[in-house]
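User: Please take a close look at the metal site in this model. I should like to understand how the metal is held and where its ligands lie in the chain.

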Amino acid sequence: MNKVCVIGVGHTDFNSMTPDMEWKEFMYEACQKAYVDAGIDPRKDVDSFITCAEDYYEGFGIFDEFVPDQIGATLRPCGTVCGDGIHGLGNAFMQIKTGLMDIVAIEAHSKVSDLLTFGDVVLFAFDPVFERPISGPVERPNFAGSPSYTKKAPKPLIGSSKETERIHPYFLAGLEMQHYLRKTGTTEEQCAKVVVKNKKNAFRNPYADYEARIRVEDVMESEYMFKPVKSLDIAPTVDGAVCIVLASHKKAKELGVDPIYLSGFGYCSETPWLSTRGMDAGYAKVAAKMAYKMAGIKKPRKEIDIVEVDDKFSYKELQHLESLGLARSGEAAELLEEGELDVKGSLPTNTSGGLLGVGNCLEATGLQKSLEIVTQLRGHAGKRQVPDCEVGLAQSWRGIPTGTGAVAIFTREGR
Amino acid sequence: MAKKQAMPKSAPGTHVSTKDIVNKKIAYTWWEPEVQYSWSVGPAMSRFLEELKNGKIVGRKCRKCRRVIVPPRMFCEHCYGPTDEWVYLKDTGSVETYSISYLDADARRIKEPILVGVVSIDGASPKHGFMHYFGGMKPEELHIGMKVKAVWKPKEEREGSIRDIIYFEPVKKGGRKK
Ligand SMILES: [Zn+2]
């Protein structure tokens, strides 16, 4: 059957703020670079366009309508996936597999610096009846029919001095990390080592924004935000846009490009009941199973040469590696300490710097991770190049409070 | 054959009143999201808004499709390439289409209808312009193809907004209409 190939990638620089560009121009830059990389004209050659975006992150109702111009899709088949970039890749994959489309472009971005109240948007994603009121003023019990906060005591913005009066929605990471450490015997110091590694890797990634030379002590001494999560355990948000162009194998041959194959993908969502659902990234487990099956991977630890996993929080990298079946429960931290997760190790993980080093780019996470895998498989990763990599995995999680994740498998050879 | 329905045409019952909600007879939950944004407008819109302050309308030219585009953008959505140069346009144009609104934002009937429409700006390519209000005329005078001119706010009141133009009014031969 029709194999699906990556024929082009493009991205902007990643920056904590991008006041010099409008979000449209930002998206245009990533897409134009991807089309040039693929050697195609989007106005003629691309059959279908997909953007992955969430209205509240953007600040537009029906953001889909604002997409076509800057991605080359005016008066062309175009649609938006409300999900991570890998969800978009999956949709494109299916469009090509049906034989209906030959070339599909997928774009995802974060222009989170335009969003002044990120914490409130995260909170807005909590269940309004049962879980959102927990974020109301602590001393004031919430009951049906009463606002969680009043005009007299309005909810402070993130970073405001009154923030301590109520709980920040990221406390969920504290709950999960606590559970993870207890269950696996992993320590806070070991999680701190993830931060040190990823910020170090970011030095060798020209587009990363949060590279730093820090020590484990620096992370350990950074203040507790949601114990056991400390401030340096959290990936700061960043602006960035990525575009990936997929094509059928036949089309890729016609174009004469040397493709990387998208050999499998999977996605999964857990129940939204925060207190009932699992705390061990079950979404990643199921998504990986689907992707492995599609790509014909039987022994992931042996067959996969490089991985980019979601590290919006330091412990998430270790937890995700275990959920993906790349380490046994509690083993990820050992692999990390043995240097196996380094660029030169046996399971290079987040060579791009991960989200801790690049920045949390929201719905663009999956494409940023895919971009790194494709760059590595192409052998274009420069100083951070992993030698002889044939099979790579990109994984994303939609962040707090979601239980949604996706996995994509890229290979040098078609499967 | 269609099965006979055992259901009555309308179920008997009592309508929920506002009172029931106020008196908390009905369980509900309330939330007001506090979402705030501050969008960077980028080079094209920055210049456009800045020029409005000066009482000028500026567009961008795409040399490939030869369009003069207003409102300006840094890339041409048809050619999918960067636009090439800034072009000053007139503050006159013609009515592309219009509507006469008898309702306000809350859908209440208003006495003086609001005249709204699209103006194609002189100097830009055909059908390039923007949505705005019309004034200085009776509703029945407004028609497609009508020549109109911008009425600007006094310079000191302009703030770099599309509302620095109050509305478009008819152009009469031999000068501005009173
Ligand atoms: Zn053009």
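Analyst: In this predicted model, the 4 donor atoms around the zinc ion subtend angles of 106 to 116°, which makes the arrangement tetrahedral. For four donors, that label requires all angles to lie between 85 and 135 degrees.

The donors are the SG atoms of Cys62(B), Cys65(B), Cys76(B) and Cys79(B), at 2.2 to 2.3 Å from the zinc ion. Along the sequence, these donor residues follow the spacing C-x2-C-x10-C-x2-C. The pair Cys62(B) and Cys79(B) links distant parts of the chain, with the two positions 17 residues apart in numbering. Cys62(B) belongs to strand β1 of chain B, which covers residues 57-62. Cys79(B), by contrast, sits in the loop between β3 (75-76) and β4 (81-82) of chain B. Are these two residues buried or exposed? Both Cys62(B) and Cys79(B) are buried.

Chain B also takes part in another feature, the largest pocket, where α2 (42-53) of chain B and α1 (23-38) of chain A each give two or more residues to the lining. This pocket holds about 530 Å³ of space. Its lining comprises 19 residues, and the closest to the centre are Glu22(A), Lys24(A) and Asp69(A), along with Met45(B) and Arg73(B). The element that gives the most to this lining is α1(A), with 3 residues.

Conventions. Residues numbered from 1 in each chain as written. Chains lettered and ligands numbered in written order. Predicted model: local features only at pLDDT ≥ 70, side-chain atom pairs only at ≥ 80, totals over all residues. Heavy atoms only, no water. Donors = N, O, S within 2.8 Å, 3.2 Å for Na, K, Ca; no water. Tetrahedral: all angles 85-135°; square planar, octahedral: opposite > 155°, others 65-115°. Helix = DSSP H or I, 4+ residues; strand = E, 2+ residues; numbered from the N terminus. Buried < 20%, exposed > 50% of the residue type's maximum accessible area, 1.4 Å probe, protein only. 1 Å grid on protein atoms, 1.4 Å probe; cavity = no way out; pocket = protein on both sides within 12 Å on 5 of 7 lines; lining within 4 Å. Points joined across faces, edges and corners; volume = space filled by probe spheres on them.
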